[in-house]
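Dear colleague,

I am passing on a structure for you to look through at your own pace. Please open it beside this message, and then read the notes below with the chain in view.

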Amino acid sequence: MEARGLVPPVELLSDGGLHRCNVEGRGGDSDGAYLLHLDGVPAGGFENWKDCLGWENWRADLGRAMSPDEEKAHRAHVEAMRKAREAEDRLRKTEARERARKVWESALPCTGHPYLTRKGIKPFGVRIASSGIHDGELVIPMRDTEGKLHSLQFIGADGGKLFLPGGRKKGCYFGIGKPAETLFIAE
């Protein structure tokens with residue numbers, strides 16, 4: 001984990017569930033995850049979302065080859081854990097889509113904001129959060145290529161940026177204008 005820039009918590013949880021952790025560098029709060037199970041053959045995995053290298057599995061070296069039955073049981077256990085993680089991720093993303101919809105619908109049209117003024121750009125359809133912990137912040141919708149709202153990004157007057165927890169980011173964007181012959185992609 002440390003070789004991939006993750007900062008392991010003081011106490012690693014070994015319940016087989018997915019747990020968030022920090023990564024090294026600026027803004028790395030909860031930008032990593034790990035799972036650990038110690039039943040049977042100790043194994044687990046981890047990911048640093050900032051390094052874009054994907055999920056990495058590992059298994060303890062028993063000092064000997066696993067028997068076919070041990071290998072089969074281990075593979076079945078890993079597959080069950082993968083399916084559980086995917087189901088949990090789908091649920092988180094579904095819940096985040098509903099939260100995003102509610103926040104977006106209650107947000108007010110943006111006519112100006114200190115961040116936009118400082119950057120010298122127009123609102124282009126973003127909104128201002130009107131309640132909750134993001135009150136007064138810019139609300140940027142994150143949509144897929146079909147226009148479906150998946151998540152939100154919040155930008156404060158100081159330029160601090162946060163994504164809606166649990167929301168989908170991969171493959172989502174905020175489009176400005178309508179594409180013509182030239183398409184500009186920016187972060």
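At 1.5 Å a residue, the 39 residues of helix H1 should span 57 Å, and because the C-alpha atoms at its two ends are 57 Å apart, the expected and computed values agree. Please keep in mind throughout that this is a predicted model. Within H1, the residues His74, Met81, Arg85, Ala96, Ala100 and Trp104 are buried, and what covers the buried residues of this helix includes strands S3, S4, S5, S7, S8 and S9.

Three of these names return when you look at how the helix is placed, since H1 lies across S3, S4 and S5 and runs at about 140° to S3. Those strands belong to an open sheet of five, in the order S1-S2-S3-S4-S5, with antiparallel pairing. S1 and S5 stand at the edges with a single partner strand each, so one side of each is left without a neighbour in the sheet. As general background, the strands of a sheet pair through backbone hydrogen bonds, either parallel or antiparallel. Here S3 and S4 pair in the antiparallel sense over six bridges, and if you would like one position to find on the screen, Leu35 has Gly45 in S4 as its bridge partner.

A residue of S4 that deserves a careful look is Asn48, which sits in the strand formed by residues 43-48. Is Asn48 buried or exposed? Because its relative accessible area is 5%, and buried means under 20%, Asn48 counts as buried. Which polar partners does the side chain of Asn48 have? The side chain of Asn48 reaches the backbone oxygen of Arg4 at 2.7 Å, while one of its polar atoms lies 2.8 Å from the backbone nitrogen of Lys50. Leaving out residues up to four places away in sequence, Asn48 touches Arg4, Gly5, Leu6, Val23, Asp31 and Gly32.

Turning to the nonpolar residues, the largest core has 10 members, among them Ala96, Ala100, Trp104, Leu149 and Phe154. The elements that give two or more residues to this core are H1 (68-106) and S9 (149-155). Apart from it lies another core, of eight residues, including Cys110, Val126, Ile128 and Ile155. In soluble globular proteins, nonpolar side chains tend to be buried together. To follow one member of the largest core outward, take Phe154, which, neighbours within four places in sequence aside, is in contact with residues including Val103, His134, Val139, Lys161 and Leu164.

With best wishes

Technical notes
Residues are numbered from 1 along each chain as its sequence is written. This is a predicted model: local features need pLDDT of at least 70, side-chain atom pairs count only at pLDDT 80 or more; totals for chains, interfaces and linings use all residues. Side-chain values use heavy atoms; hydrogens and water are left out. A nonpolar core is a set of buried Ala, Val, Leu, Ile, Met, Phe, Trp, Tyr and Cys residues joined through side-chain atoms within 4.5 Å. Buried means under 20% relative accessible area, exposed over 50%, partly exposed in between (1.4 Å probe, protein chains only). Helices (H or I, at least four residues) and strands (E, at least two) are DSSP runs, numbered from the N terminus. Contact means heavy atoms within 4.5 Å. A polar contact is a pair of N or O atoms within 3.5 Å; within protein, one must be able to donate a hydrogen and the other to accept it, and residues adjacent in sequence count only if both atoms are side-chain atoms. The expected span of a helix is 1.5 Å times one less than its number of residues. Two strands pair if DSSP finds at least two bridges between them. Axes are lines fitted to C-alpha atoms, for helices over the stretch in contact, and angles run from 0 to 180 degrees between N-to-C directions.
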